[in-house]
Amino acid sequence: MPQHIAIVMDGNGRWAKKRFLPRVAGHVKGVEAIRRTIEGCIVRNIPYLTVFAFSSENWKRPGEEVSFLMNLFLSSLEKETDKLHDNDIRLKVVGDLSRFDVPLQKAITVAEEKTSKNSTLTLTVCANYGGRWDILQAARRMSSEGLDVKDMTEERLSSYLALSYAPEPDLFIRTGGETRISNFLLWQLAYSELYFTETFWPDFDNEELEKAIASFQSRERRFGKTSEQLTD
């Protein structure tokens, strides 16, 4: 069973368009899919779930859609934080949060602080996040602390990444039919098993999660070794 699943939740807009609905309707349904996936991870004793909610490139979308997404994020935090806490779920929000307005930043802080001691599942929401940004900010933080370049190692850099508190994802899932990583967790996905599905995110349910996990379990993870070494 994977210990950490990372998901690019793609296809909300296309799900809505297929039903002759505005794109924002797909985002609302997508929140329900997040709830189902959280429940699926808890049932399977998977301790880490990371979802890509809003990339640093998503600011290029139409202004009305971006505004709706920000309001949806805020309202979801206000509605869901108590539920997360009651179910022993820790919430982390990572990314360059400085671009968000003050009410949203405050809601994030409140939610993180309230759930900080929970341990059944760590839910990480990547918002205004990019893999390149993550590596760059880690390098800058290392440099600001006076670490000489010759003393930099992969382990030290990893400790400065936004998800340094979590193990690297075992399983990466992308819904919606696209087969790319899209600047998500570039460092952390180095040895993750990749799974792509045509299913749009609002339709992603327990059965779809089971398919992804079954695919993961069917693979041999060698991490540079040979099959014979693993057997030995």
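Let's start with Arg19, which is partly exposed in this predicted model, its relative accessible area being 36%. Because buried would mean under 20% and exposed over 50%, that value puts Arg19 in between. Its side chain meets the one of Asp203 in a salt bridge, with 3.7 Å from N to O. The two partners come from distant parts of the chain, 184 residues apart: Arg19 sits in the loop between helix 1 (12–18) and helix 2 (23–43), and Asp203 in the loop between strand 6 (193–196) and helix 7 (206–217). Asp203 is partly exposed too, at 34% relative accessible area.

**More charged pairs**

Why would such side chains team up at all? Side chains of opposite charge can pair when their charged atoms come close. The structure holds 13 salt bridges, and here are three of them, each with its N to O distance.

| Positive partner | Negative partner | Distance (N to O) |
|---|---|---|
| Arg19 | Asp203 | 3.7 Å |
| Arg23 | Glu65 | 2.9 Å |
| Arg44 | Glu210 | 2.8 Å |

Take Arg23 and Glu65, whose closest N and O atoms are 2.9 Å apart. This pair also ties together distant parts of the chain, with Arg23 in helix 2 and Glu65 in helix 3 (residues 63–86), 42 residues away. Is Glu65 buried or exposed? With a relative accessibility of 6%, Glu65 counts as buried, while Arg23 is partly exposed at 39%.

Now look at Arg44 and Glu210, which meet at 2.8 Å, N to O. Here 166 residues separate the partners: Arg44 belongs to the loop between helix 2 and strand 2 (48–55), and Glu210 to helix 7. This time the arginine is the buried one, since Arg44 has a relative accessible area of 13%; Glu210 is partly exposed at 37%.

Salt bridges can also join up: Asp10, Arg14 and Arg174 are linked in a network of them. Counting charges over the whole protein gives 31 positive and 34 negative side chains, and the centres of those two sets lie 4 Å apart.

**His27 and its surroundings**

Stay with helix 2 for a moment, as His27 is there as well. His27 is buried, with a relative accessible area of 8%. Which residues does His27 touch, if you skip its neighbours within four places in sequence? The contacts are Asn12, Arg61, Glu65, Phe68, Leu69 and Leu72. You've already met Glu65 as the salt-bridge partner of Arg23.

**Two loop residues with a positive phi**

Next comes a bit of backbone geometry. Most residues other than glycine have a negative phi. Asp88 isn't a glycine, yet its phi is positive, at about 60°. You'll find Asp88 in the loop between helix 3 and strand 3 (89–94), where it counts as partly exposed at 24% relative accessibility.

Asn183 is another non-glycine residue with a positive phi of about 60°. Its place is the loop between strand 5 (171–174) and strand 6. Asn183 is buried, with a relative accessible area of 16%.

Asp88 can also be set beside Lys117: the two are 29 residues apart along the chain, and their C-alpha atoms are separated by 8.3 Å. Lys117 lies in the loop between helix 4 (102–115) and strand 4 (121–129). At 77% relative accessibility, Lys117 counts as exposed.

**Stepping back to the whole fold**

How many helices and strands are there? The protein has 8 helices and 6 strands. Starting at the N terminus, you can follow them in the order β-α-α-β-α-β-α-β-α-α-β-β-α-α. The radius of gyration is 18 Å, close to the 17 Å that the globule rule gives for 232 residues, so the protein is as compact as a globular protein of that length. Its C-alpha atoms fill a box of roughly 55 × 45 × 35 Å along the principal axes.

What share of the 232 residues is buried? It's 47%. As for the outside, the accessible surface comes to about 12400 Å², and carbon and sulfur atoms own 50% of that.

Finally, think about how the chain meets itself. Among the contacts with a separation of 6 or more, 76% are between residues 24 or more positions apart. The three tabulated salt bridges fit that theme, with Arg19 and Asp203 184 residues apart, Arg23 and Glu65 42 apart, and Arg44 and Glu210 166 apart.

Conventions
Residues numbered from 1 in each chain as written. Predicted model: local features only at pLDDT ≥ 70, side-chain atom pairs only at ≥ 80, totals over all residues. Heavy atoms only, no water. Helix = DSSP H or I, 4+ residues; strand = E, 2+ residues; numbered from the N terminus. Rg over C-alpha atoms; globule rule 2.2 N^0.38 Å. Buried < 20%, exposed > 50% of the residue type's maximum accessible area, 1.4 Å probe, protein only. Contact = heavy atoms within 4.5 Å. Areas by Shrake-Rupley, 256 points an atom, 1.4 Å probe, with all protein chains shown as cover. Lys, Arg positive; Asp, Glu negative; His and termini not counted. Charge placed at Lys NZ, Arg CZ, Asp CG, Glu CD. Salt bridge = Lys/Arg side-chain N within 4 Å of Asp/Glu carboxyl O.
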